[in-house]
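Visitor: I should like to learn how to read a protein model, beginning with the whole and ending with single residues. May we proceed step by step?

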Amino acid sequence: MMASLDLSSAFDVVNVELLLKRLRIIGIPDDLVELISHWLTNRFFYVSIEGGNSYVRCSGVGTVQGSILGPILYAIFVSPLTDLEKLTLFADDNYIVEWNERLPELLIAMTNKLQRIVGWLTNSGLKVNESKTELCLFHRKDQHLVQINLNERILISKRHMNVLGVSFDSKLNWQTQIEQTIAKSKKALQALWIIKKYFNKNELLQLITSNYYSILYYNSEIWQIPSNCYNSKRNLFSASATALKICTPSYDLNMSYKTLHEINKRATPAQIMNYKLSIQLFKTYNSESNTSEWISLFFNQNFSPRCEYANFFDLSAYKIGKNYLPNRFSLLNGKIKYDWLNLSLNSFKIKCKSELLKII
């Protein structure tokens, strides 16, 4: 189960006095703390509505949302919480994960953990909006919606949860994410059709790459997996090729989508998946920390002194399928040479683009 905590105006209500104390505790030099203190205190503001202005007020709270230091100072402010509880933070987005083989025990564990975290945040002066806190129960089979009681508010689980622009559905089959991604990219495509007459083919390809593919493949390292259903794969392939019609004057209805990718020298979704997976393989292989992925990577390897290419076992039956990163590496069997993994990252990318994308 995963919970997403909603904080109301988190950056704007940080207790500056408490923040300065925490800056000193972690060893920030006094002169720098003093400089930050001058920046955060004695700030003035007013509200303007339809030409009318309010009185000028003094603000002594907040880390100045929109500033460069704002997210850093907020992260320092809540850092004691991460020492006490295991949770994932991205600026003021908070995600809590609990797992258990038994649902009743899972609900109790999540309730207790949420209460501790909400209590800490409240005592630090932050406002937790319990009514907007979301829950999602993950399981490979369909589950009934469940509920927990958080400070007299009943939270009911949902079938999917948005995390930084990615929709995690309860069964991790990613159909909702693919549908949402295609819908967003279509809006950008409409604008490209309108302005295409002002650009040549190479410029249009650059526009498609930066304003269409960037939306279509946002965070696809997570959701673009080979176990996606057939319709999802087909829709993604169709969306990838549809944009290329803009810069293909010779296009006709008999031209395949694969041909569109080849003519415009753009990778298909499958090629992009393999390329991004190869980058993840390189980073996991060369990781200096013994993460679970790093450990599994070496247990999953099929070593052979006569084979120069990396090969990996697929242990999907014992884990969570292709959503578990080491189980995906079997897709690269026979494609990545072992000696490539000892190159620099940039050199490795060049090798992969040449062999997997066929664009160099």
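Visitor: What is the accessible surface of the protein, and what percentage of it belongs to carbon and sulfur atoms?

Guide: Please bear in mind that this is a predicted model. The accessible surface is about 21000 Å², and carbon and sulfur atoms hold 54% of it. The C-alpha trace spans about 65 × 55 × 45 Å along the principal axes.

Visitor: How many helices and strands does the protein have, and what percentage of its residues count as buried?

Guide: The protein has 13 helices and 12 strands. Among its 360 residues, 39% count as buried.

Visitor: What share of the contacts joins residues 24 or more positions apart?

Guide: Such a share is read against the contacts with a separation of 6 or more; here residues 24 or more positions apart account for 61% of them.

Visitor: How many positive and negative side chains are there, and how far apart do the centres of the two sets lie?

Guide: There are 41 positive and 30 negative side chains, and the centres of these two sets are 9 Å apart.

Visitor: Let us turn to a single charged residue. Where is Asp169 found, and is it buried or exposed?

Guide: Asp169 is found in strand 12, which covers residues 166–169. The residue is buried, and it has no salt bridge. A salt bridge requires a side-chain nitrogen of Lys or Arg within 4 Å of a carboxyl oxygen of Asp or Glu. For Asp169, the nearest side chain of opposite charge is that of Lys171, 7.6 Å away.

Visitor: Which backbone nitrogen lies 2.7 Å from a polar atom of the Asp169 side chain, and with which residues is Asp169 in contact beyond its neighbours within four places in sequence?

Guide: The nitrogen is that of Trp174. Trp174 also appears among the contacts of Asp169, together with Phe138, Arg159, His160, Gln175 and Thr176, once neighbours within four places in sequence are set aside.

Visitor: Backbone angles remain. What is the phi of Asn151, and where is this residue found?

Guide: The sign of phi is read together with the residue type: Asn151 has a positive value, near 50°, and is a residue other than glycine. Asn151 is found in the loop between strand 9 (147–150) and strand 10 (153–156). With a relative accessible area of 40%, Asn151 is partly exposed.

Visitor: What is the phi of Lys265, and is this residue buried or exposed?

Guide: Lys265 is not a glycine, yet its phi is positive, about 55°. Lys265 lies in the loop between helix 9 (257–263) and helix 10 (269–285). Its relative accessible area is 65%, so Lys265 is exposed.

Conventions. Residues numbered from 1 in each chain as written. Predicted model: local features only at pLDDT ≥ 70, side-chain atom pairs only at ≥ 80, totals over all residues. Heavy atoms only, no water. Helix = DSSP H or I, 4+ residues; strand = E, 2+ residues; numbered from the N terminus. Buried < 20%, exposed > 50% of the residue type's maximum accessible area, 1.4 Å probe, protein only. Contact = heavy atoms within 4.5 Å. Areas by Shrake-Rupley, 256 points an atom, 1.4 Å probe, with all protein chains shown as cover. Lys, Arg positive; Asp, Glu negative; His and termini not counted. Charge placed at Lys NZ, Arg CZ, Asp CG, Glu CD. Polar contact = N/O pair within 3.5 Å; in protein donor to acceptor, adjacent residues only side chain to side chain.
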